[in-house]
Amino acid sequence: MPRYEYRCRTCGDTFELSRPMAESSAPAACPSGHDDTVKLLSTVAVAGSASAPASAPRAGGGGGGCCGGGCCG
């Protein structure tokens with residue numbers, strides 16, 4: 001189950017809740033009982049392979065992006 005981070009606008013506490021994705025935007029009361037909370041934007045870190053970083057060029061050429069992918073014409 002995903003964890004979402006919230007901040008209470010009343011007391012300033014930051015807290016996390018585990019809830020289904022369907023309830024991610026539902027109101028969440030802070031642990032102190034205040035209802036004025038806002039869901040924080042979380043960042044996700046994704047690790048690549050140690051042998052080939054995601055930014056490494058691939059064999060066979062092509063630089064990615066629009067013009068490297070051949071969509072410019």
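**Exercise 1. Find which backbone oxygen lies 2.4 Å from a polar side-chain atom of T37.**

Solution.
- Start at T37, in strand β3 (residues 37–39). Strands are DSSP runs of E, at least two residues, numbered from the N terminus.
- Look for a polar contact: N or O atoms within 3.5 Å, one able to donate a hydrogen and the other to accept it; residues adjacent in sequence count only if both atoms are side-chain atoms.
- The oxygen belongs to A28.
- Now check burial. T37 is buried, at 18% relative accessible area. Buried means under 20%, exposed over 50%, partly exposed in between (1.4 Å probe, protein chains only).
- T37 also touches other residues, including R7, C8, F15 and C30. Touching means heavy atoms within 4.5 Å.

The model is predicted: local features need pLDDT of at least 70, side-chain atom pairs count only at pLDDT 80 or more, and totals for chains, interfaces and linings use all residues. Residues are numbered from 1 along each chain as its sequence is written, and side-chain values use heavy atoms, leaving out hydrogens and water.

**Exercise 2. Describe how strands β1 and β2 are joined.**

Solution.
- Locate β1 at residues 3–8 and β2 at residues 14–18.
- Five bridges join them, and they run antiparallel. Strands pair if DSSP finds at least two bridges between them.
- Follow the chain between them. The two strands form a hairpin with five residues in between. In that turn, G12 has a positive phi of about 85°.
- Pick one bridge: Y6 has F15 as its partner in β2.

**Exercise 3. Classify the aromatic pair of Y6 and F15.**

Solution.
- Apply the rule: ring centres of Phe, Tyr or Trp (its six-membered ring) within 6.5 Å; planes under 30 degrees apart are stacked, over 60 edge-to-face, the rest tilted.
- The count is one aromatic pair. Y6 and F15 lie 5.7 Å centre to centre, with 20° between the planes, so the pair is stacked.
- Both are buried: Y6 at 2%, F15 at 9%.
- Both also sit in the largest nonpolar core, with Y4, C8, A28 and C30. Such a core holds buried Ala, Val, Leu, Ile, Met, Phe, Trp, Tyr and Cys residues joined through side-chain atoms within 4.5 Å.

**Exercise 4. Explain why C8 and C11 form no disulfide.**

Solution.
- A disulfide needs two cysteine sulfurs within 2.5 Å.
- The sulfur of C8 has its closest cysteine sulfur in C11, at 3.6 Å, so the gap is too far for a bond.
- The whole structure has zero disulfides.
- Compare burial: C8 is buried at 1%, while C11 is partly exposed at 35%.

Conventions:
Helix = DSSP H or I, 4+ residues; strand = E, 2+ residues; numbered from the N terminus. Lists of a residue's contacts leave out its neighbours within four places in sequence.
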